[in-house]
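Colleague: I would like to go through this model term by term, and to ask what stands behind each word that is used. Could you set each value against its definition as we go?

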Amino acid sequence: MKFSAINFPCPGCGASQVYSPYTGRLTCDFCGNETEIPSETQPLLSDDYLTALASPPTKAEEDPSLKREVACKKCGANFTLSPKLFASHCPYCSTPAMIEALQKITPQALLPFTISQKKAQEHFKEWVGSRWFAPNAFKAYLDESKKLIGYYFPFWIYDTQTVTHYEGKRGDTYYVTVTKSVVVDGKEELRDVEESRMRWTEVSGIVDAAFDDLTIAASHTIDRSRLDAIEPWPTAQLTHFDLHYISGFEAEEYAVEIDEGFDLAKDKMTPKIRSQIKSDIGGDEQQIDSIDTKYNNIGYKSVLFPAWIASFVWNNKTYEYAINAQTGKIVGERPYSIMKIVFAVATVALIIGGALYYNHIKG
């Protein structure tokens, strides 16, 4: 399938403008001209989940063999977008290139980048430098040729009110006096001591909970735990979706459907619901035997969240990193250099050994 790239020419010189996290405007890297992005005054409201299920916009899965051939408007080159991307750059001239999404799941809103690549790069270098026992190759990773990638990930946001019926047991501690043999001054004596017991009572009840702005990543590009770990997202700052905010970044379509996303949201709700049940049961200990939760007034939004991402390959293993481009929070697994660990252990052993030898000689 062939597409003509979408971009935003500078009104001053004709070059493509990109979104600037510094100014919140479109900026031309050649002449410095800035263009204000029109603001939408309508409030952002959640859509009804059950209505969406009754008439789903599309399936999230598409034919993986379908190629997205894009014609660059600046250099005229043709190139192929990576699967699921609807925004990237021309690989020949680096001009921003966006296409109309193949899916009908159009994001309602997004959080724009507020942390620039330079600031994220500096922050990441500091984080990398603080990792003890990391291999030198990892610490040298972010040279001039290894830039962080600005990426918009698709997310679902859910709101709901829950009513949960439960059955379980309440445990109340009580004490009994028992006679035991104890040793006092080397002699056995019989003494009365207090021992705790647990009295269990069958219980049942109902608890209510309200959930607002549960965020669920709708991407398979990087491990879900990475995107969960860079929460929270400042959803109160969401703005209406506009391609102007995407210019200069990569952006991905939905890979998780709305009902699958809500199943993942249920998993996020479970700890709070269980905590409420235990509080409702009371007592000293609680056992939950069954839970039946009803989800009411379910609303949702389809949004894009910004992140700076990187990956590092060490000993045939890929390490992924993500930086929340609104808050600066960094997550990722760090590699370890076995040689550095061995050297550190050997050094500590030598220091301890030297100290013991010195004390022995001195004594």
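Colleague: To begin, what makes I277 count as buried?

Modeller: Residues count as buried under 20% relative accessible area, as exposed over 50%, and as partly exposed in between, with a 1.4 Å probe and protein chains only. I277 has a relative accessible area of 0%, which lies under that 20% limit, and therefore I277 is called buried. Please keep in mind that this is a predicted model, in which local features need pLDDT of at least 70 and side-chain atom pairs count only at pLDDT 80 or more, while totals for chains, interfaces and linings use all residues. Residues are numbered from 1 along each chain as its sequence is written, and side-chain values use heavy atoms, with hydrogens and water left out.

Colleague: Which residues is I277 in contact with, once neighbours within four places in sequence are left aside?

Modeller: Contact means heavy atoms within 4.5 Å, and by that rule I277 touches T164, Y166, V207, I288 and I291. The C-alpha atoms of I277 and I206 are separated by 8.0 Å, although their positions lie 71 residues apart along the chain.

Colleague: Where is I277 found?

Modeller: I277 belongs to helix 5, where helices (H or I, at least four residues) and strands (E, at least two) are DSSP runs numbered from the N terminus. Helix 5 covers residues 258-281, 24 residues in total. Its buried residues are I258, G261, F262, A265, M269, I273, I277 and I281. As a general point, an α-helix has 3.6 residues a turn, so residues three or four places apart point the same way.

Colleague: How do you know what span is expected of helix 5, and how far does it reach?

Modeller: The expected span is 1.5 Å times one less than the number of residues, and helix 5 reaches 34 Å from its first C-alpha to its last, close to the expected 34 Å. Even so, helix 5 has a kink of about 35° at M269, shortly before the proline P271; the bend at a residue is the angle between axes fitted to the seven residues ending there and the seven starting there. After helix 5 comes G282, whose phi is positive, near 75°.

Colleague: Why is the pair of F113 and F249 called stacked?

Modeller: Rings of Phe, Tyr and Trp (its six-membered ring) pair if their centres lie within 6.5 Å, and planes under 30 degrees apart count as stacked, over 60 as edge-to-face and the rest as tilted. The centres of F113 and F249 are 4.0 Å apart and their planes lie at 10°, so both conditions for a stacked pair are met. F113 and F249 are 136 residues apart in the chain, and both are buried.

Colleague: By this rule, how many aromatic pairs are there?

Modeller: The count comes to 17 aromatic pairs. One of them is formed by Y49 and Y158, with 6.2 Å centre to centre and 80° between the planes, and it is edge-to-face. Y49 lies in helix 1 and Y158 in strand 11, 109 residues apart. Y49, Y158, F262 and Y295 form one aromatic cluster.

Colleague: What makes N324 buried?

Modeller: The relative accessible area of N324 is 0%, and therefore N324 is buried. N324 sits in strand 16, and its side chain reaches the backbone nitrogen of T327 at 3.1 Å.

Colleague: Which strands does strand 8 pair with, and over how many bridges?

Modeller: Two strands pair if DSSP finds at least two bridges between them. Strand 8 has two bridges to strand 14 and three to strand 9, so each pairing satisfies that rule. Both pairings are antiparallel. A87 has A251 in strand 14 as its bridge partner, and H89 stands opposite P96 in strand 9. Strand 8 is also mostly covered, with four of its five residues buried.

Colleague: Which strands are edge strands in the open sheet with the order 2-3-4?

Modeller: They are strand 2 and strand 4, each of which pairs on one side only. The pairing in that sheet is antiparallel, and two bridges join strand 3 to strand 4, where L26 stands opposite T35.

How values were computed. A polar contact is a pair of N or O atoms within 3.5 Å; within protein, one must be able to donate a hydrogen and the other to accept it, and residues adjacent in sequence count only if both atoms are side-chain atoms.
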